[in-house]
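Got the viewer open and a cartoon on screen? Let's walk through this one stop by stop, selecting as we go.

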Amino acid sequence: MKNPKTGELREVKVGWSWVLFFFACWFGLPLFLRKLYLLGAVLLCWTLLSFTLNFVIAASGMHPDDVGLLSFSLFTTTMAFNIWLAIKGNEYTAKNYLDLGWVFAQPDSLETQYALTKWKIEPPDRPAA
């Protein structure tokens, strides 16, 4: 994708995002870098809440089985969100860039056509030649 104002290029892959899968749990940093501020804020809040809840649960004097179950529930929820982000993150990134005025660097390429189909995006209007 290309920013027509600055000429900056960003590659947005189709499909699974390993970066989001492994690193989104780091306070949502990859999401903020992709200009997905709302998702980044949600993940940041979830991460802080999860750390806080784990600390409170561990210090509460609850039965160890209950502590394990609650911690496992938090971990499972976090992993489910990371998997969802890994599947949908590149699509959201591309759509966000388009909303911000970016364009496809090679609009006629097979890769772009594949991405448009996969992400269910209508081809952008072409300026009259």
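Start with helix 3, residues 37–59, in this predicted model. Put a distance between its end C-alpha atoms and you should get 33 Å. That agrees with expectation, because 23 residues at 1.5 Å a residue should span 33 Å.

Stay on helix 3 and show side chains for Leu39, Gly40, Leu43, Thr47, Ser50 and Ile57, which are buried. What do the buried residues of helix 3 pack against? Bring up helix 2 (29–33) and helix 4 (64–99): those are the partners. Before leaving, click on glycine 61, just after helix 3, where phi is positive at about 80°.

**Into the cores**

Next, select Met1, Val12, Ala94, Tyr97, Trp102, Phe104, Ala115, Leu116, Trp119 and Ile121. These ten residues make up the largest nonpolar core. Colour by element and you'll see that helix 4 and helix 5 (110–118) each give two or more residues to this core. Apart from it lies another core, this one of seven residues, including Leu36, Leu39, Leu43 and Leu85. Leu39 and Leu43 are old friends from the buried list of helix 3.

Now centre on isoleucine 121, a member of the ten-residue core. Leaving out residues up to four places away in sequence, isoleucine 121 touches Lys95, Leu98 and Leu116. Keep Lys95 on screen for the next stop.

**Salt bridges along helix 4**

How many salt bridges does a search of the whole structure find? Three, and helix 4 is a good place to begin. Select lysine 88 and glutamate 91: their side chains meet in a salt bridge, 2.9 Å from N to O. Both sit in helix 4, three residues apart, about one turn of the helix. Then add lysine 95, whose side chain meets glutamate 91 at 2.8 Å, N to O. That pair is four residues apart in helix 4, again about one turn. Through the shared partner, Lys88, Glu91 and Lys95 join into one network. As for the spacing, residues three or four places apart in an α-helix point the same way, because there are 3.6 residues a turn.

Switch on a surface and check who is covered. Glutamate 91 is buried, because its relative accessible area of 12% falls under the 20% cut-off. Lysine 88 counts as partly exposed at 25%, and so does lysine 95 at 29%.

For the salt bridge outside that network, go to arginine 10 and glutamate 8, where the closest N and O atoms are 3.0 Å apart. Arginine 10 is partly exposed at 26% relative accessibility, and glutamate 8 is partly exposed at 31%.

**Last stop: the rings**

A search of the whole structure turns up ten aromatic pairs. Select tryptophan 16 and tryptophan 18: the ring centres are 5.5 Å apart and the planes sit at 65°, so this pair is edge-to-face. Tryptophan 16 is partly exposed at 33% relative accessibility, while tryptophan 18 counts as exposed at 53%.

Now add phenylalanine 21 and phenylalanine 22, another edge-to-face pair, with 5.0 Å centre to centre and 75° between the planes. Is phenylalanine 21 buried or exposed? Buried, with a relative accessible area of 17%; phenylalanine 22 is partly exposed at 46%. Finally, keep Trp16, Trp18, Phe21 and Phe22 selected together, as they form one aromatic cluster.

Conventions
Residues numbered from 1 in each chain as written. Predicted model: local features only at pLDDT ≥ 70, side-chain atom pairs only at ≥ 80, totals over all residues. Heavy atoms only, no water. Expected span 1.5 Å × (residues − 1). Buried < 20%, exposed > 50% of the residue type's maximum accessible area, 1.4 Å probe, protein only. Contact = heavy atoms within 4.5 Å. Core = buried A, V, L, I, M, F, W, Y, C linked by side-chain atoms within 4.5 Å. Salt bridge = Lys/Arg side-chain N within 4 Å of Asp/Glu carboxyl O. Phe/Tyr/Trp six-rings, centres within 6.5 Å; stacked < 30°, edge-to-face > 60°.
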